[in-house]
Amino acid sequence: MTNKDIADIFYQLADMLEIKGDIRYKIIAYRKAADGIAHETQDLAELRRQGELRTIPGVGEKIEAKIGELLDTGKLRLYEELKQEIPDGVLSLLSVPDVGPKTAWLIYQKLGIHSIPDLEQAARAGKLRTLPGLGVKSEEKILHGIEVLHRRSPRIPLGVALPVAQELVAGLAACPQARQVIAVGSLRRRKATVGDLDIMAASSQPQAVVDCFVGLPLVGEVVSHGDTKATVILKDGVQADLMVLAAEHYGSLMQHFTGSKEHNVHLRELSLSKGLSFSEYGYTRRDGSAILCPAEEDVYRTIGLPWIPPELREDSGEFEAAKAGRLPRLVDLGDIKGDLHCHSNWSDGAASIEEMAQAARGRGYVYIAITDHSKSLGIAHGLDEERLHARQKEIDALNARLAPFRVLSGVEVDIKADATLDLPDEALAQLDIVVASIHSGFRQDRQRMTQRLIAAMRNPHVDIIGHPTGILLGEREAYDVDFEALLAVAQDTGTVLEVNAMPNRLDLDDVHVRRAVERGVKLAISTDAHRPDVLATIVLGLGMARRGWAEAKDVVNTMTMEKLRAQLK
DNA sequence: GCCGTTTTCGGCCCGACTGTTTTCAGTCG
């Protein structure tokens, strides 16, 4: 039973208790514990052996016992009992927009409905309007909610969301009354995927800006439209929310709308303990007087904290670090001195080595590693020893011309299913840098997967493990691998783990990065670029690294050429 | 059900939008 399984059970427990109308704060407590468990990187069974379960935020005496029950028996009595009363299908109704716990329970109790198709049928038959508190409008809303549910785009990768958000921001910025339009929400926090786009602006006439927003050409449908906020669904199915307030509230609104929810709740609790109530309008003292926050820094400063970077705002220790003056100095785009995983037209890249190098130089980098595929990747026109040798001559000539800029001669060597590498050690020894990656045999069991990666790390020539977990966002799960074991070997051998910035990879993700940083394992933020313009996607990998609390010292491609050479095996 | 430079008991984030319940509950972010 994984941490995620256990967290899911507590989330469901919270839903079920909410449906039954249990005490609100008990429900909040279960959700908070579930959040804590979901964010825990250590195995719960292991934590329990060490008697450390209560260190998880939100886990107290009762929930500790329930985790124990789950780990011992695989079941939870309270959960089983509630499932008798509330069929699974009732919980599924909650996924329909505008159907919450009260409505779901009412519909189940009065009409016996516990599936979305049945709900749709009842709505079409006009049965919902007969229920107390529901009318024709509610019925239409629910019917529409079901439609939206079917049509709505799932979470979108950050790399896809960013340009859409930019377009939306530009569109809104053209509204005459809109000032300081920016994208906030999970996009600003640089989550690997975002559920919707959150946009905000300042204006002395918020309503005019909201009116302008709902009329933008990108907008497909208006879900709600008030004086200060609106929700729309764009023509491509993505939901976008807008909030607008006067400039004097700009900082508090930005803080509020950037989230996360958990971070905001923590910040507001902290404020209350200092006699202040906080909302997007700013602080209110107990006597009702206001403290305005035109800048986001004002929000944190008012409660005695330094500004917290958006990427850290997940309530996973950032307040404690801020209070202690121990916030990390996160790695920044300006720290990056090169890209250590790129392809050229010697394998499956679209550009020459020189074109890639010039693009890197144009970004202010001082080096780029050309890491073409190795021979077993036939479709990628992978290199054998002979072609590696030929390529080396081209790189040498280029380096003579481009100095002090440096092209590192490298390879992305395939880790084959039998745990051997696709090129002999003698060939690898000739290269400046070796990235080793898995491109086949993803379905091997945990032990074999882990052994393959460990074997690669123990090779004296392998510098970096490429896209270490193999995840493809929305397409393929990460391979089953013992990440803690990998970290131990990475540390032991000085092997670097990659943060691959491809929009559909983002691998390592934030959680893995944080664990690696805690263990002192070094990272490389790399684009895996097959074209010069793709070098710009480094910002996506940077987002993961920053969300994982990585500083420049944790990232090898912030090093000068000399230091990097010393770092590489 | 959790938790404590206010507290081991009494708190627990805050506001907008919508529909229907003529004063507010439900849902959402």
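**DNA strand B.** I began with the surroundings of DNA strand B in this predicted model, and I found 46 residues around the strand, the closest being G100, T103, D227, E269 and Y281. I then looked up which part of the strand faces the protein, and noted that sugar and phosphate make up 78% of the atoms of DNA strand B that come within 4 Å of the protein.

I sorted the surface near DNA strand B by class and wrote down 15 nonpolar, 16 polar and 15 charged residues. Asking which element gives the largest share of that surface, I arrived at helix 14, residues 261-273, which contributes 6 residues.

**Backbone and phosphate.** Next I went through the places where the protein backbone meets a phosphate oxygen of the strand. For G100, which I had already listed among the closest residues, a polar backbone atom is 2.7 Å from a phosphate oxygen of DNA strand B. For D98, I noted a distance of 2.9 Å between a polar backbone atom and a phosphate oxygen of the strand, and for K229 a backbone N or O atom lies 3.3 Å from a phosphate oxygen.

**Domains.** I looked up how chain A is divided and recorded domain 1 (3-151), domain 2 (156-245), domain 3 (258-323) and domain 4 (333-567). For one pair I also took down a separation: the C-alpha centres of domain 1 and domain 3 are 29 Å apart.

**Cysteines.** How many disulfides does the structure hold? I found 1 disulfide, formed by C175 and C212, with the sulfur atoms 1.7 Å apart. The torsion about the S-S bond of this pair is about -75 degrees, so I entered the disulfide as left-handed. C175 sits in the loop between helix 10 (158-173) and strand 2 (179-184), while C212 belongs to helix 12 (residues 206-214), so the pair ties together parts that are 37 residues apart in sequence.

I then checked whether each partner is buried or exposed: C175 is buried, with a relative accessible area of 2%, whereas C212, at 25% relative accessibility, counts as partly exposed. I looked at two further cysteines as well, and noted C293 as buried at 0% relative accessibility and C342 as buried, also at 0%.

**Helix 21.** Last, I turned to helix 21, residues 483-493, and listed its buried residues as F483, L486, L487, V489 and A490. Following what they touch, I saw that the buried residues of helix 21 pack against helix 20 (446-458), strand 16 (496-500) and helix 22 (510-518). After the helix comes G494, for which I noted a positive phi, near 70 degrees.

Methods: Residues are numbered from 1 along each chain as its sequence is written. Chains are lettered from A and ligands numbered from 1 in the order in which they are written. This is a predicted model: local features need pLDDT of at least 70, side-chain atom pairs count only at pLDDT 80 or more; totals for chains, interfaces and linings use all residues. Side-chain values use heavy atoms; hydrogens and water are left out. A residue is near a molecule or strand if one of its heavy atoms lies within 4 Å of it. A polar contact is a pair of N or O atoms within 3.5 Å; within protein, one must be able to donate a hydrogen and the other to accept it, and residues adjacent in sequence count only if both atoms are side-chain atoms. Helices (H or I, at least four residues) and strands (E, at least two) are DSSP runs, numbered from the N terminus. Ala, Val, Leu, Ile, Met, Phe, Trp, Tyr, Cys and Pro count as nonpolar, Asp, Glu, Lys and Arg as charged, and the others, Gly among them, as polar. Buried means under 20% relative accessible area, exposed over 50%, partly exposed in between (1.4 Å probe, protein chains only). Contact means heavy atoms within 4.5 Å. Domain bounds come from an automatic or database domain assignment. A disulfide is a pair of cysteine sulfur atoms within 2.5 Å.
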